[in-house]
Amino acid sequence: MERLEEHPLLEPEEGVQVNISPLVDMVFLLLVFFMVTSVFSRQGALEVTLPPASSAPAAPAATLQITLTPQGGILFQGHPVDKEELPSLLKEALSPETRPILLLADQDCPTGLAVEILDLCRRAGASSLSLGTEGVRK
């Protein structure tokens, strides 16, 4: 019978080493992933140039915002929408309580589109409509 100490599978390995290169690779990949996703999160901002006005009051906090871009795009509360789905979104947002609507139309936006959106808001039940302007300091 063989002694337990002499068994070839139970012999201790010489020089056990821990390889950390896969850990370093994973940390590097996570770093690159978070750097790339943080850059994409800033792309949601859309630059809209509002027309100037010297008597621009501040908008209330609970205002619904509709933004019109120079190319004719429509954003409701910062999210792009189609003109056809805007009335249902407005009715849903106005159903629990009446809230003022602020239309932020770029100064290069087609006037016909701004009038059409104002009309959609009135038909959806909006009672308070305002046009957003850039305040001019004297």
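These legends accompany three close-up views of a predicted model.

**View 1. The nonpolar core and its best-connected members.** Let's start inside the protein: the largest nonpolar core has 22 residues, and the ones touching the most other members are Ile-66, Leu-68, Leu-86 and Ile-117. Two or more residues apiece come from β2, β3, α2 (86-94), β5 (101-105) and α3 (111-123). Of these elements, α3 gives the largest share, with six residues. As a general backdrop, nonpolar side chains in soluble globular proteins tend to be buried together. Zoom in on Ile-66 and, leaving aside residues up to four places away in sequence, you will find that Ile-66 touches Ile-74, Leu-75, Phe-76, Leu-86, Leu-90, Ile-101, Leu-102, Leu-103, Leu-104, Ile-117 and Cys-121.

**View 2. Thr-69 in the loop between β2 and β3.** Here the loop linking β2 (64-68) to β3 (74-76) comes into focus, with Thr-69 in it. Thr-69 counts as buried because its relative accessibility is 7%, under the 20% cut-off. The Thr-69 side chain also makes a polar contact, reaching the backbone nitrogen of Gly-73 at 2.7 Å.

**View 3. The aromatic pair of Phe-33 and Phe-34.** The structure holds one aromatic pair, so this is the view to open for ring geometry. Phe-33 and Phe-34 sit edge-to-face, at 5.4 Å centre to centre and with 65° between the planes; that angle is over the 60 degrees used for this class. How exposed is each ring's residue, Phe-33 and Phe-34? Phe-33 is partly exposed, as its relative accessibility is 48%, whereas Phe-34 has a relative accessible area of 54% and is therefore exposed.

Technical notes:
Residues are numbered from 1 along each chain as its sequence is written. This is a predicted model: local features need pLDDT of at least 70, side-chain atom pairs count only at pLDDT 80 or more; totals for chains, interfaces and linings use all residues. Side-chain values use heavy atoms; hydrogens and water are left out. Helices (H or I, at least four residues) and strands (E, at least two) are DSSP runs, numbered from the N terminus. Buried means under 20% relative accessible area, exposed over 50%, partly exposed in between (1.4 Å probe, protein chains only). A polar contact is a pair of N or O atoms within 3.5 Å; within protein, one must be able to donate a hydrogen and the other to accept it, and residues adjacent in sequence count only if both atoms are side-chain atoms. A nonpolar core is a set of buried Ala, Val, Leu, Ile, Met, Phe, Trp, Tyr and Cys residues joined through side-chain atoms within 4.5 Å. Contact means heavy atoms within 4.5 Å. Rings of Phe, Tyr and Trp (its six-membered ring) pair if their centres lie within 6.5 Å; planes under 30 degrees apart count as stacked, over 60 as edge-to-face and the rest as tilted.
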